[in-house]
Amino acid sequence: MVDGGNLFFYRRLLREVEAEQLRYKARVIVEAYNAIGVAALALGPYDFAAGMDALRALERVADFPFLCANLLDRATGEPLFAPYAVAKVGGRTVGLLGVLDSGAPIEGLEPLRQGIRIDALYTTVKRYAEELRAQGCDFVVVLSSAEPKRFRVMAKNIPEVDVYVAGDPEDKLKLPWRIGEALVANTTQLGKYLGSLRVSWGGKGAPEFRNTFVPMHPDDPDDPGVRRLVDGYYAYAGMVRLQHPERYVSEEELTVNLRDSKPVFASQPACAACHPAQAEQWRGTGHARAYETLSERDRNRAECLECHVTGFGVAGGFGSGLDLRGVQCESCHGPGSLHPALRIGRTRKAVEPSCRGCHTPSQSPGFNLAEAWKKVVCRRGSEDRPAR
């Protein structure tokens, strides 16, 4: 069992309001991986979101290696993590090489930028694949969160690699690509499926592959030890009360400061006072019920609240005393305390990144922005009451 990375966190850099809970969750993931016997993890850009010290703390807990062949100390040229691991599987010696996508931004490493360098994928894979073969590996697997297309040229030109396990930004089940004698494989996000690859040698020639996808259903029986770990995480998430992050918000931040033009949230009832028709329309959308669709335990989880409330993690946002449950007006229009003194209307082009930030392929399969927009776009015209 192996993992290609972007495992621990769901964004490139953690915010203070979510950091405590998500660091705890990452440790639970490591302990669960220990329990089920994972052989290796290749680090992805998101795994650095809490910083290097936090990642090193997770590494110390892990019974499996964190692999990253192309993240180097600039002064010495040495890898900061193990570049590869070697395992015995089915009587064969398998080399597992981990590489970081050299083209992706890694915000968690910015404080160390002067002391590190990230080498190119191609040269790193070629060097270590040759080294693993020289050590007697029968089979070489490259693990990475980089997109499958990043390995096309390598698969054609580096004969020492048998399989590339890649990331999948589109979050779709796709059969592995056969490129030359190599295979480029991936699976979906969020643990919805496992990819199972069976390899057999029929005597002469290249090995034969058989790939299957194993769906993970909520009603599948749990490993008792892992179940205890997960239940412990949900209990912890409830205790830290992330649904009330006001402890991170100062009184000064909650005060409207017109001189410096620092708007804060007003909440949907304030919007409705002047825009009743738009408010009534909003109440008929899924956005209005977004918070209610969460289970009780998911209402304590940062990664769920992110898309189901308004202003999560933002000064004066959800948890500051206002009712900001659901995806309210200010999710699209921005904090409204300075309105109507300033116009806060926003175009579809301006709002689209926010839409796609939550309606990802993994969270909203088949999401069609053009059709969804028709359901949520505000009415215009005489329904508005004059501003006082």
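Let us begin at S144, which touches G4, A42, V99, D101, F151, V165, A166 and G167, setting aside residues up to four places away in sequence. This serine sits in the loop between strand 8 (139-143) and helix 4 (152-157). With a relative accessible area of 1%, S144 is buried. Keep in mind as you look around that the model is predicted.

Now step back for a view of the whole. The protein chain holds 11 helices and 13 strands. Of its 388 residues, 41% are buried. Contacts across the sequence are a theme here: among contacts between residues at least 6 apart in sequence, 63% join residues at least 24 apart. The stops that follow give some examples of such links.

Go next to the start of the chain and the loop between strand 1 and helix 1. N6 lies in this loop, and its phi is near 55°, a positive value in a residue other than glycine. N6 is partly exposed, with a relative accessible area of 30%. What else can be found around here? By the rule used for ring pairs, the count comes to 11 aromatic pairs. One of them is formed by F8 and F66, a tilted pair with 5.9 Å centre to centre and 45° between the planes. F8 belongs to the loop between strand 1 (2-3) and helix 1 (16-36), while F66 is in strand 3 (residues 66-67), so that the pair links distant parts of the chain, 58 residues apart. Both F8 and F66 are buried.

Another tilted pair is made by Y33 and F64, with 5.9 Å centre to centre and 50° between the planes. Y33 lies in helix 1 and F64 in the loop between helix 2 (52-61) and strand 3, so this pair ties together parts that are 31 residues apart in sequence. Y33 and F64 are both buried. Taking the rings together, ring pairs link F8, F9, Y33, F64 and F66 into a cluster. A ring can also have a charge above it: R56 lies over the face of F81, at 4.0 Å from the ring centre.

Stay with helix 1 a little longer, and find A32. A32 is buried, with a relative accessible area of 13%. What does A32 contact, leaving aside its neighbours within four places in sequence? The answer is V226 and L229. The C-alpha atoms of A32 and G225 are 8.0 Å apart in space, although the two residues are 193 apart in sequence.

Further along the chain, look for S267 in the loop between helix 5 (224-239) and helix 6 (268-274). Its phi is near 90°, a positive value in a residue other than glycine. Is S267 buried or exposed? S267 is buried, with a relative accessible area of 7%. Across from S267 you can find E330, with the C-alpha atoms of the two separated by 7.4 Å and the residues 63 apart along the chain. E330 lies in helix 9 (residues 329-333) and is buried, with a relative accessible area of 4%. Leaving aside neighbours within four places in sequence, E330 is in contact with V264, F265, A266, S267, T310, L324, P335 and G336.

Move on to helix 7 (residues 276-283), where A277, Q278, A279, Q281 and W282 are buried. What covers these buried residues of helix 7 includes helix 6 and helix 11. When you look at such a list, one general point helps: an α-helix has 3.6 residues a turn, so residues three or four places apart point the same way.

Helix 11 also brings us to the last stop, a meeting of two helices. How do helix 10 and helix 11 cross? The axes of helix 10 (residues 348-358) and helix 11 (residues 369-376) come within 12 Å and cross at roughly 105°. An angle from 65 to 115 degrees counts as roughly perpendicular, and helix 10 and helix 11 are therefore roughly perpendicular to each other. On the helix 10 side, R348, V351, E352, C355 and R356 take part, and they meet L369, A370 and W373 in helix 11. The residues of this contact divide into 5 nonpolar, no polar and 3 charged.

Methods: Residues are numbered from 1 along each chain as its sequence is written. This is a predicted model: local features need pLDDT of at least 70, side-chain atom pairs count only at pLDDT 80 or more; totals for chains, interfaces and linings use all residues. Side-chain values use heavy atoms; hydrogens and water are left out. Axes are lines fitted to C-alpha atoms, for helices over the stretch in contact, and angles run from 0 to 180 degrees between N-to-C directions. Helices (H or I, at least four residues) and strands (E, at least two) are DSSP runs, numbered from the N terminus. Angles under 35 degrees count as roughly parallel, over 145 as roughly antiparallel, 65 to 115 as roughly perpendicular and the rest as oblique. Contact means heavy atoms within 4.5 Å. Ala, Val, Leu, Ile, Met, Phe, Trp, Tyr, Cys and Pro count as nonpolar, Asp, Glu, Lys and Arg as charged, and the others, Gly among them, as polar. Rings of Phe, Tyr and Trp (its six-membered ring) pair if their centres lie within 6.5 Å; planes under 30 degrees apart count as stacked, over 60 as edge-to-face and the rest as tilted. Buried means under 20% relative accessible area, exposed over 50%, partly exposed in between (1.4 Å probe, protein chains only). A charge sits over a ring if NZ of Lys or CZ of Arg is within 6 Å of the ring centre and within 35 degrees of the ring normal.
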